[in-house]
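Q: I would like to learn how to read the side-chain features of a protein model, taking them one at a time. Could you show me the structure and guide me through it?

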Amino acid sequence: MTTPPPAVLPHAAPVPLPPPPRVGPVPVASRAVAPDVARGLALLGIAVANAVVHLAGGAVGLGLRPLDSSTLDRAVDGVVSLLVDRRTMPMFALLYGYGIGVVVRRRAAAWVSWPACRADLLRRAALLVAFGAVHVLLLFEGDILGAYGLTGLLAVTFVRASDRALLVTSAIVLVASGVVGGAMNGAIVLQEVFLGEPFVIPVEESPLAALATRALSGLFGAPLGAFIALPLVLLGMWGARRSVLERPAEHVRLLRRTAVVGLTVSVLGAVPFATAVARLRDPSTGDAIGSAILHEVTGAAGGVAFAALVGWVVAARGTTTATLGPVGRALRAVGTRSLTCYLLQSVLFVLPLAAWAGGLGRGMGSAQVVAWAIGVWLVTVGVAVALEAAGRRGPAEWLYRRLVYGRATASTGRLPAA
């Protein structure tokens, strides 16, 4: 008897792999409270810190503060330099890095592959660069979106780095970027030393000339801004790995210590620069540059401390929107629409104040323009609260999510339900 040949199985058709899960925007009710509240507060600081840039023309000294100023103006310059300038930008950079870390964690939980996650992060960062370029060309040369977008592109290479690598790199770059940024800020006194006359901010009354100036400023400013922001972004990514701001009640001791120590370092480090800006003393050239470098480096401690302080307060009040109170809810409404509110600040600053537009900035002093800044921020709060009441995203957030997620998950401006 012959053994029959084994059956020949037909070649199995390949089973197609399922597409990677699509991760859409986080419902607002599911978002962590503390990061959004911190963003809302940071935007107030950014408005106040940027206010001096919108003064039209005139001789300026250390910190770009007008030399022809009243006692009140000098007092305002000193307080802003002590508590706000170079302190709120680091806070915003820290929160941006924290957001990157949250995105990575959500993608990992959804079993998204690393190449797909990396592509998502790069797309997000590239879109910020594009938003920043448009912002610079249309309105404001001091844009931070392009700088943060460039930082995001760099930060992707650190996503899978160890905690130690994140912290060590952050510390090294912080010192280097602080020296560079502080030296550039303090070097304005060199013109008076070598040329015998103070630096005068040029006034561009022609829209086309102003456009060219903004484009040139953005071309050089964005890479420098990215370098300065990188250490805080990396530190934010480290914090996101531990959910420090999402679960602040579990990290109260760390948040309390960081807030107290960070604010102390920030204020003490700002005193030499702030007293020089307020013209309570007349520093030498070396003193001015050294004070500016110290001001820049210790500003990072202030930015981290402000974020920790918000987390500490939220942990004490409760981590839901209902426990925040009206002020906290308003800050959160701004924070969830931070892109819209940031761009709206530029509209409300530039169009009325710029020499090539409304021209109201000519002749303003520091006290007046800081008061204007607070008013601008309050307007953005009103807009954000109104959008929150209507259950709608900010228009810039809607556009950004549409470009990131596509039509399927971002086709409506309404906030997704919990």
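Q: Does Phe 92 count as buried or exposed, and why?

A: Before we start, please keep in mind that this is a predicted model. Buried here means under 20% relative accessible area. Phe 92 has a relative accessibility of 11%, and therefore it counts as buried.

Q: How is a pair of aromatic rings described?

A: One gives the distance of the centres and the angle of the planes. In this structure there are 3 aromatic pairs. In one of them, Phe 92 and Tyr 148 have ring centres 6.3 Å apart and planes at 25 degrees, so this pair is stacked. The cut-off behind that step is that planes under 30 degrees apart count as stacked.

Q: Which helices hold Phe 92 and Tyr 148, and how many residues apart in sequence are the parts that the pair ties together?

A: Phe 92 belongs to helix α3, which covers residues 88-109, while Tyr 148 belongs to helix α5, which covers residues 145-155, so the pair ties together parts that are 56 residues apart in sequence. Tyr 148 has a relative accessible area of 6% and is therefore buried.

Q: What is the geometry of the aromatic pair that Tyr 96 and Tyr 148 form?

A: The pair of Tyr 96 and Tyr 148 is stacked, with 5.7 Å from centre to centre and 10 degrees between the planes. Since Tyr 96 lies in helix α3 and Tyr 148 in helix α5, this pair ties together parts that are 52 residues apart in sequence. Both Tyr 96 and Tyr 148 are buried. Taken together, ring pairs link Phe 92, Tyr 96 and Tyr 148 into a cluster.

Q: How many disulfides does the structure hold?

A: There are 0 disulfides in the structure. We can still read the surroundings of individual cysteines: Cys 117 is buried, with a relative accessible area of 4%, and Cys 341 is buried as well, at 1%.

Q: How many salt bridges does a search of the whole structure find?

A: The search finds 15 salt bridges. One of them joins Asp 120 to Arg 107, and here the closest N and O atoms are 2.7 Å apart. Asp 120 lies in helix α4, residues 114-138, and Arg 107 lies in helix α3, so the pair ties together parts that are 13 residues apart in sequence. Asp 120 and Arg 107 are both buried.

Q: What separates Asp 120 and Arg 124 in helix α4?

A: Asp 120 and Arg 124 are 4 residues apart in helix α4, and therefore about one helical turn separates them. Their side chains meet in a salt bridge, at 3.4 Å from N to O. Asp 120 counts as buried because its relative accessibility is 5%, and Arg 124 counts as buried at 15%. In a wider view, a network of salt bridges links Arg 107, Asp 120, Arg 123 and Arg 124.

Q: Which residue forms a salt bridge with Arg 241, and how far apart are the closest N and O atoms?

A: The partner of Arg 241 is Asp 163, with the closest N and O atoms 2.6 Å apart. Arg 241 lies in helix α8, residues 207-241, and Asp 163 in helix α6, residues 163-186, so this salt bridge ties together parts that are 78 residues apart in sequence. Arg 241 is partly exposed, with a relative accessible area of 32%, and Asp 163 is partly exposed too, with 26%.

Notes: Residues numbered from 1 in each chain as written. Predicted model: local features only at pLDDT ≥ 70, side-chain atom pairs only at ≥ 80, totals over all residues. Heavy atoms only, no water. Phe/Tyr/Trp six-rings, centres within 6.5 Å; stacked < 30°, edge-to-face > 60°. Helix = DSSP H or I, 4+ residues; strand = E, 2+ residues; numbered from the N terminus. Buried < 20%, exposed > 50% of the residue type's maximum accessible area, 1.4 Å probe, protein only. Disulfide = S-S within 2.5 Å. Salt bridge = Lys/Arg side-chain N within 4 Å of Asp/Glu carboxyl O.
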